[in-house]
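Student: Hi! Could you walk me through this one? I'm new to it.
Tutor: Happy to. Have a look, then ask away.

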Amino acid sequence: MSKLLIVESPSKAKTLKKYLGKDFEVLASYGHVRDLVPKTGAVDPDHDFAMKYEVIDRNARHVDAIAKAVKTADAIYLATDPDREGEAISWHIAEILKSKKLLKDKLIKRVVFHEITKNAVQNAIEEPRDISMPLVNAQQARRALDYLVGFNLSPLLWKKIRRGLSAGRVQSPALRLIVERELEIEAFTSQEYWTIHLESAKHQHVFDAKLVQLEGKKVEQFTITNQAQQQEVVGKLLAVSAGKTTVSRVEKKQRSRSPAAPFTTSTLQQEAVRKLGFTTSRTMRVAQQLYEGIDIGSGTVGLITYMRTDSFSLATEAVMQIRDYIKQNFAAEYLPKSPIMYKTKAKNAQEAHEAIRPTDISRTPASMRAFLTDEQFRLYEMIWKRALACQMTQAKFDAVSIDLAVGSDANLFRATGQTLVFPGFIAVYMEGVDDEEEEGESKLPHLETGEVLAVQKIYGDQHFTEPPPRYSEASLVKALEEYGIGRPSTYASIISTLQDREYVVLDKKRFIPTDVGRVVNKFLTEHFTRYVDYGFTANLENELDDIAEGEREWIPVLNEFWQGFNNQIHEKSNVERPGVEMLDEACPKCGKPLQSRLGRFGKFIGCSGYPECDYIRNANANNNEPTVIGQEPESGKDILLLNGPYGPYLQIGLPEADSKKKPKRVSIPKEIPVSSLDMETALKLIALPRDLGQHPETGKKVVANIGRFGPYVNHDGKFKSIPKSESVFDIDLARAVELLTQANASAAPIKELGDHPDGTGNIAIYAGRFGPYVQHGKLRATLPKGQEPEALTMEQALELLSAKAAKDAPAKKAKTTTAKKTSSTKKAATTTRRKKASAGESE
């Protein structure tokens, strides 16, 4: 019996082929096979939201290969990823095969596994099921909603703001979060406040206590707000203390801390940002590699379970295996008496049954190190440690709180400290934090109530309130999850879209909205308030979850959304164009008022008399007057910010009159807002290119730099762009080598066919932008649609190349003939001129 298994990725296909044996052929769909037709009318609200799909061009040949294999197969197993997207891909494949009438008398089933191990895969094959239409409908509803918003709201943004902009059902509320945080920061007014401290000691153990009660009243943050107040309070306390303080209260108690739950998609992304410095998209890419399979010497195996999940739960077998590992490798007190269970908060977590964990806890990071790249190892180590720690005992601390009275019990200072008594899970893993400072360990001397100590000093400490921090990728993911915006599997794409649209930039690993992002957000919040409202967006996500669970029908949900949204689009078609702000400044050219406007490349200042007056200047430059950022440490020259014809740039000092040497200039990349440019960033730009070290294979230098087309890495004359989500300032050698390897891989042939029969060089097949092609010398011929590169023979390649040469020949011949004619004409003209000159004629 011939069997066909269809998965999403080719790397997963290779792994599974080794598990399933000769009876199975395993093919990859290479992701989604169909999508909505990219034009108006692809979703028809007037006919129950009928959706018009078409095969995605880049995957057409993979669909043809699947269709060809189905003809000879008796059973088809759809083993795409175990989530809504995977379910939808399986359904689309089945629909395509039905339309081709290839499924008659054939078994077609859906199989699901959450880890790529031999047992998990074989068990899934033995227990197949039908395609889940509730999951498919939930994905179709999500896709239809995104289409309806994008195809109706984006054109309005083009008309009212500028072309090329987009609005998304989920990306727009995410943008609102970032813009509102920036507005909070700008509106923030710093306030001064003081804390009062007492320093004392016992047996040379110095410790600090903070004033918590003054003259019987609780000390709040703004009880003391200036230096004069502070001096007065410190003076009074010193006077009444007479150099002594009395211990009025000693409280001791034991505190414990529980381990964090195993990773979900969201918490994995947050921790990878905090601990590893990864972006969310990089985290998911590396996790996908670990899930799909790594060759560990004894064969290829998936090292972690499926990485798109909202669930905290672990399989019983996995918990028992983890507990056995703890028992064998740690002292008895590190193993709890019973397994620790974690309750899942996410409503739709049953779509993916487990949290992210190693498929086998005995595969320690150290034992896997030789088979993994640096970033694979770091992520695997973090997942392994978190899974192990989640089944370990609590950490225990001795916490002490001491009150010290000065003068009387009306004036109290408080000292707190804690000591780690038993590490428990902390021996393996400690969860990271975003912006709050983790409570540190501090130890106080042994003190008794009534004990009198000497006051070494009483002093005030000045503070200023700080604005809320900008969102990092980790804190943004956390906020998106808390508000219920999107789902963990979409967070990476939401963040990438905001950056790709240039609505936000990542500066010092924090998001800053661009001028365009601010204007788009203002337009949407003013005119489409409901559709960027956090509660509305979260509620819609819950309705999609209800569809996935079979509790709601998808068409009524779409219809309810569309009625209000469509009316809003029509109502707002005539609103005024946003982004124009009148300035209290006259045009230096004609005297009319200047205005700030949003242009193609961001904000600019122009004359309100345009087009009669064409005065214009960059909004972030001082009318082309250089701005001094600071001094370069080496030369002592000023670092100047100037505005050139191609945008703002930095220059080291002014040109010297008696020197031909030009000052060093560095362009400022558009992802770095000029308004936020500081000395630290300027020095980083000036220091480019960065020497990252020697390439491990060639020993030649690898550098990171910014060029005409953006940031890149360079090695031995080969260049590779650095992705937008990564920074030229932070990229390390390991990541640079990986990028260069990808560039080399894409340049390597898919298949070598050998030397041309006439001995004129090699013939090979390459992957091209528009599909695979065969090349001989400078001659290239595209492979026909449906032709698998691996199956192409030398004879077929020669036929394609001959046909391509014949097709190009007439054009070359015509070009040669034209050239000959032009040469003859020139020669005749020269002869005529010479004859006229010899005859004494004037030209």
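Student: How many residues does helix α9 have, and what span does it reach?
Tutor: In this predicted model, helix α9 (residues 280-292) has 13 residues and reaches 18 Å from its first C-alpha to its last. That is close to the 18 Å expected at 1.5 Å a residue, where the expected span is 1.5 Å times one less than the number of residues. Helices here are DSSP runs of H or I with at least four residues, strands are runs of E with at least two, and both are numbered from the N terminus.

Student: Any fine print on the numbers?
Tutor: A little. Residues are numbered from 1 along each chain as its sequence is written, and side-chain values use heavy atoms, with hydrogens and water left out. Since you are looking at a predicted model, local features need pLDDT of at least 70 and side-chain atom pairs count only at pLDDT 80 or more, while totals for chains, interfaces and linings use all residues.

Student: Back to α9: how many of its residues are buried?
Tutor: 10 of the 13 are buried, so α9 is largely enclosed by the rest of the structure. Buried means under 20% relative accessible area, exposed means over 50%, and partly exposed is in between, using a 1.4 Å probe and protein chains only. Among the buried ones are Arg 282, Met 284, Tyr 291 and Glu 292.

Student: And what follows α9?
Tutor: Gly 293, with a positive phi near 140 degrees.

Student: What does Lys 12 touch?
Tutor: Leaving aside residues up to four places away in sequence, Lys 12 touches Val 7, Ala 79, Asp 81, Ile 116, Tyr 291 and Glu 292. A contact means heavy atoms within 4.5 Å. Lys 12 lies in helix α1 and is buried, with a relative accessible area of 0%.

Student: Where does α1 pack? Maybe start with the sheet.
Tutor: Sure. Four strands form an open sheet in the order β2-β1-β7-β8, and the pairing is parallel. Two strands pair if DSSP finds at least two bridges between them. β2 (24-28) and β8 stand at the edges with a single partner strand each, so one side of each is left without a neighbour in the sheet. Neighbouring strands are turned by 20 degrees against each other on average, direction ignored. Helix α1 (residues 10-20) packs on this sheet, touching β1 and β2, and its direction makes about 170 degrees with that of β2. The axes are lines fitted to C-alpha atoms, for helices over the stretch in contact, and angles run from 0 to 180 degrees between N-to-C directions.

Student: How many bridges join β1 and β7?
Tutor: Strand β1 (residues 3-7) and strand β7 (residues 75-78) pair in the parallel sense over four bridges. Leu 4, for example, has Ile 76 in β7 as its bridge partner.

Student: Which strands does α3 lie across?
Tutor: α3 lies across β1, β7 and β8, running at about 165 degrees to β8. There is a salt bridge to look at here as well: Glu 87 pairs with Arg 110, the closest N and O atoms being 2.9 Å apart. Glu 87 is in helix α3 (residues 84-99) and Arg 110 in strand β8 (residues 107-110), 23 residues apart, so this pair links distant parts of the chain.

Student: What counts as a salt bridge?
Tutor: A side-chain nitrogen of Lys or Arg within 4 Å of a carboxyl oxygen of Asp or Glu. By this rule the count comes to 37.

Student: Are Glu 87 and Arg 110 buried or exposed?
Tutor: Glu 87 is buried at 1% relative accessibility, and Arg 110 is buried at 1% too.

Student: Which parts does the pair of Glu 541 and Arg 142 tie together?
Tutor: Their side chains meet in a salt bridge at 2.8 Å, N to O. Glu 541 lies in helix α16 (residues 534-548) and Arg 142 in helix α5 (residues 133-160), so the pair ties together parts that are 399 residues apart in sequence. Both residues are buried. For a partly exposed example, take Asp 374 and Arg 369, which meet at 3.6 Å: Asp 374 has a relative accessible area of 31%, and Arg 369 is at 34%.

Student: Last one: what is the mean pLDDT?
Tutor: It is 85, and 88% of the residues reach 70 or more; pLDDT is the predictor's confidence in each residue, from 0 to 100. Over residues 819-823 it stays under 50, and the model has zero contacts there beyond four places in sequence.
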